[in-house]
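User: Could you walk me through this model with a few questions and answers? I'd like to start from one residue and work outwards.

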Amino acid sequence: MSETGDKPDQDNATGGRKSAGSQPAFPMRGSLFRKNLMTALLLAPAALWLVVFLVLPFVAIAIFSVGERAPEGGYQAALTFAQYANLPARATAFWNTMLLAPVGALACLLVAYPVAYYLALRAPQRWRLILLALIVIPFWTSLLMRTYAWMYILGGRGIPALLAYVGIEDLRLINTPGAVLLGIVYGYLPLMILPIYVSLERLDRRLLEASADLGATPLSTFLGVTLRLSLPGVMTGFSLVMILLLGEYLIPTLLGGGKVFFIGNALVDLFLQSRNWPFGSAIAITLVLVSVVVLIVANRISTRLSGARRVDLI
Amino acid sequence: MRAFVVAVFAFLYLPIALVVLFSFNAGHHASEFTGFSVQWYGKALSNPFLVEALKNSLFIATTSALLAAFCGTAAALGLQRVGARTRALFDALLGAAIVVPGVVIGISTLVALVQLFAVVNPFLAELWPTDQPPRLSLGYGSIIAAHGLFSMALVTMIVGTRLASLDRNLVEASSDLYATPLTTFRSIVLPQIMPAVIAGFLLAFTFSFDDFIIAFFVAGAQTTLPIYVFASIRRGVTPEINAIATIVLCASVLLVLLAQWQLGRRKPSP
């Protein structure tokens with residue numbers, strides 16, 4: 001995305017505008033002004049949207065998070081860190097989320113990597129696009145409906161009923177941490193496969209041949225070349241899945257019953273039921289901060305482990 | 001490895017297939033398939049609350065996706081014309097709009113809008129000539145705006161990628177041949193980015209139609225289809241939900257396939 005240098009505006013003009021040089025009929029100043037006006041008009045709606053519905057709301061919850069709960073619920077202006085100090089009150093939700101988000105992302109990764117590897121390096125060419133489409137489709141279909149499918153299968157009349165036929169009675173599958181983990185892998189697998197696939201697909205096959213020619217075993221070729229060069233994709237997938245899991249609500253609610261509480265559940269409770277908005281805001285801000293940390297760490301790891309090596313190799 | 005991949009695909013599709021299968025079950029119970037019937041579809045579609053929720057969802061998804069396609073495409077075009085710093089700022093905000101979990105988007109929009117309405121509504125009441133001033137409240141507008149945020153960022157990214165691979169020579173040739181900027185845009189740029197715009201629209205529609213968590217916070221008194229389905233699931237699993245789920249899944253699959261087809265289309269020769 002950053003291939004364009006820090007050039008002045010008129011050099012980057014594309015999208016149907018003539019370059020400044022081919023418009024001698026216009027005085028330089030006037031055409032520059034018109035060009036800038038056009039650019040501003042094109043960007044204005046998106047900029048307005050981003051400011052009103054992303055930046056301002058974020059500022060709003062930041063302000064709320066240092067406020068107090070009004071007696072009737074909602075917000076009362078104040079400047080206090082009491083809400084943040086109160087975070088341990090929801091320690092269970094934090095603990096569950098902080099445990100199941102990385103574990104879930106890791107489980108996704110373990111399932112996703114072989115699939116991405118097969119799609120990128122082993123699958124027959126004519127099958128590749130079809131298989132890729134089959135991965136993308138679940139990602140875009142309703143998570144609610146897909147989670148519901150598992151609720152249906154794991155619920156009392158699903159697998160447990162079938163197992164009862166063969167004599168395994170009273171097996172409880174739904175409303176357990178295991179069910180939540182299963183739902184997580186099911187829901188987020190496509191999101192993990194795609195970035196890994198992309199990084200493996202870009203991989204220069206000659207490196208694999210070179211490694212084999214130089215006497216490396218398949219395993220050390222995989223560890224030294226394939227895995228290492230696909231790390232940016234792995235880290236992208238891992239951090240994306242983990243960040244989305246930090247805010248997950250549906251899966252723990254539907255598959256975890258009341259037992260596995262996530263931060264998402266705590267937020268729904270605080271905003272829609274008990275109406276403690278300042279405390280909810282403090283939790284949301286903490287959640288965003290954790291997400292940012294996850295992104296930064298993932299970015300660091302992928303540049304350190306692969307970025308530098310990659311330059312060495314070339 | 002092949003066996004593992006096959007197993008993963010089965011894992012991805014079997015649960016959905018099962019829901020579809022049992023939506024045609026004559027009986028009430030999930031454990032046994034007692035015969036073929038479409039009665040649950042009839043029940044679902046004669047439920048007025050469900051039809052209402054479906055209509056709301058269709059309206060919200062269409063509007064937010066149209067707005068997102070329009071603003072996102074404009075933004076992608078505009079981003080081609082700005083310096084690296086402005087571009088980086090936009091990229092960061094657009095990335096945030098996509099990555100920030102829906103829960104956070106939902107509650108922050110809720111908080112900001114409620115606060116905004118608390119300021120604007122008395123003001124409106126003051127200014128309004130009659131006794132019944134309009135009252136801003138959560139509803140269609142807030143869901144459309146909140147869905148549009150993600151969708152717009154998505155469209156900007158998809159169209160931006162297509163623009164980056166656009167053949168600049170054609171644009172230059174066009175202006176060398178004295179085409180006006182508008183003509184160049186209409187006959188060179190637009191045809192080439194159109195598949196990306198359509199794909200962006202379809203994915204935006206799918207996102208909005210499927211989203212539960214953002215709408216859950218900002219819907220106010222309105223109900224969307226996912227909100228309705230969520231509420232019914234919590235009351236208990238019925239075959240009627242299988243029928244709705246089947247309809248929604250089929251619609252999403254169709255839209256995503258259409259979007260992929262659009263994205264995979266070769267650039268039309270000018």
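User: Happy to start small: which helix of chain B is A196(B) found in?
Analyst: Keep in mind that this is a predicted model. The element that holds A196(B) spans residues 181-210 of chain B. That element is helix α8.

User: Is A196(B) buried or exposed?
Analyst: A residue needs 20 or more other C-beta atoms within 10 Å of its own to pass as buried. A196(B) has 26 C-beta neighbours inside 10 Å, so A196(B) counts as buried.

User: Leaving aside neighbours within four places in sequence, which residues is A196(B) in contact with?
Analyst: It helps to look at the region around G160(B), which is 36 residues away along the chain from A196(B). The C-alpha atoms of these two residues are separated by 8.9 Å. With neighbours within four places in sequence set aside, the contacts of A196(B) are I158(B), V159(B), R162(B) and L263(B).

User: What does UniProt annotate over residues 54-259 of chain B?
Analyst: In the model, this stretch is 83% helix and 0% strand, and its end C-alpha atoms are 22 Å apart. The label comes from an unreviewed UniProt entry. It reads "domain: ABC transmembrane type-1".

User: Moving to the partner, how many helices and strands are there in chain A?
Analyst: Reading chain A from the N terminus, the elements run α-α-α-α-α-α-α-α-α-α-α-α-α-α. The count for chain A is 14 helices and zero strands.

User: How far apart are the centres of the two domains of chain A?
Analyst: Chain A is divided into domain 1, residues 16-60, and domain 2, residues 90-313. Taken over C-alpha atoms, their centres are separated by 39 Å.

User: Which helix gives the most to the side of chain A that touches chain B?
Analyst: The interface brings 74 residues of chain A into contact with 75 residues of chain B. On the chain A side, the top contributor gives 15 residues and spans residues 28-64. By class, that side has 49 nonpolar, 17 polar and eight charged residues. The helix you are after is α2 of chain A.

User: Last one: what ipTM does the predictor give the complex?
Analyst: For chain B, the mean pLDDT is 88, and 97% of its residues reach 70 or more. For the complex, the predictor gives a pTM of 0.86. The ipTM is 0.88.

Notes. Residues numbered from 1 in each chain as written. Chains lettered and ligands numbered in written order. Predicted model: local features only at pLDDT ≥ 70, side-chain atom pairs only at ≥ 80, totals over all residues. Contact = placed C-beta atoms within 7 Å. Helix = DSSP H or I, 4+ residues; strand = E, 2+ residues; numbered from the N terminus. Nonpolar A, V, L, I, M, F, W, Y, C, P; charged D, E, K, R; others polar. Domains from an automatic or database assignment. Buried ≥ 20, exposed ≤ 12 C-beta atoms within 10 Å, placed from the backbone. pLDDT = per-residue confidence, 0-100. UniProt positions renumbered as here; feature names shortened; annotations may be inferred.
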